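Student: I'm new to this structure and would like a close look at one part of it. Could you walk me through the largest pocket and what lines it?

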Amino acid sequence: YGCAKRMVDVLNKAYHEDHGCMFTSVIPCSIFGPHDNFDLEGRAIPGLIRKAYEAKKDGTTFEIWGTGAAQRQFIYNLDLAKLFIWALREYKEKEPIIFSPDEVDELSIKDIAKMILEAFDFKGEVKFLTEKPDGQLKKTANNAKMRKYLPQFQFTPTREAVRETVEWYVKNYDSARK
């Protein structure tokens, strides 16, 4: 998967060198939001939202793999949509650009889980499965190029974005992708 993403960049450069075509890649960090795929084997926030919904509905324990210490940058899909539109209209480099919140906005899985549980008003038991792996503890994406072009871009606060996503999921549970 990672190799395939890198090869897109190689292909973009080759098309530019051979044919003068202007292609580029945008690289987002971990995406979440309404209309997401809430697969339990997928990305962190959508999977945790589904687990929290089902634990509340079934009266079961909310289980989180690992210690919750791993930190990630998350981008709300509505913010990403705005950035994609900007890139299509304004970004004129063949070099890729990373779309992610600032490093200071990295959050632990534990903090994200707390936000999700708050949004659900979950009062049940929470258990960290510490025998399961945390994964890489830190995966910081460098958004310096994005900030060079868009220094004032304001990301939706994560707590608000999580709340909106949870509200969407609850309202659309029957038709949401899982």
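Tutor: Here is a tour of that pocket, with a short stop at a second pocket and a surface patch. Keep in mind that this is a predicted model.

Let's start with the space itself: the largest pocket holds about 1,500 Å³. Around it sit 38 lining residues, and if you want to find the middle, look for Ser 30, Arg 43, Ala 44, Arg 72 and Lys 139, which lie nearest the centre. Sorted by class, the lining has 20 nonpolar, 9 polar and 9 charged residues.

Where do these residues come from? Helix α1, strands β1 (26–28) and β2 (30–32), helix α2 (44–58) and strand β3 (62–65) each give at least two of them. The largest share belongs to α1, with 6 residues.

While you're at α1, which covers residues 2–19, pick out Leu 11. Together with Tyr 15 and Phe 23, Leu 11 makes a nonpolar surface patch of about 270 Å². Leu 11 counts as partly exposed because its relative accessible area is 46%, and that label covers values between 20% and 50%.

Now for the second largest pocket, which has a volume of about 200 Å³. Its lining is made of 17 residues, with Pro 101, Asp 105, Phe 155, Thr 156 and Pro 157 nearest the centre. Here the largest share, 3 residues, is supplied by strand β5 (residues 74–76). The classes in this lining are 9 nonpolar, 3 polar and 5 charged.

Key. Residues are numbered from 1 along each chain as its sequence is written. This is a predicted model: local features need pLDDT of at least 70, side-chain atom pairs count only at pLDDT 80 or more; totals for chains, interfaces and linings use all residues. Side-chain values use heavy atoms; hydrogens and water are left out. Patches are made of residues with over 30% relative accessible area and no salt bridge: like charges are joined within 9 Å, nonpolar side chains (Val, Leu, Ile, Met, Phe, Trp, Tyr) within 5 Å. Accessible areas come from the Shrake-Rupley method with a 1.4 Å probe; for residues, only the protein chains shown count as cover. A salt bridge is a side-chain nitrogen of Lys or Arg within 4 Å of a carboxyl oxygen of Asp or Glu. Helices (H or I, at least four residues) and strands (E, at least two) are DSSP runs, numbered from the N terminus. Buried means under 20% relative accessible area, exposed over 50%, partly exposed in between (1.4 Å probe, protein chains only). On a 1 Å grid over the protein atoms alone, a cavity is a set of points where a 1.4 Å probe fits but cannot get out, and a pocket is an open set with protein on both sides within 12 Å along at least five of seven lines; lining residues have an atom within 4 Å of a point. Grid points are joined across faces, edges and corners, and a volume is the space filled by probe spheres set on the points. Ala, Val, Leu, Ile, Met, Phe, Trp, Tyr, Cys and Pro count as nonpolar, Asp, Glu, Lys and Arg as charged, and the others, Gly among them, as polar.
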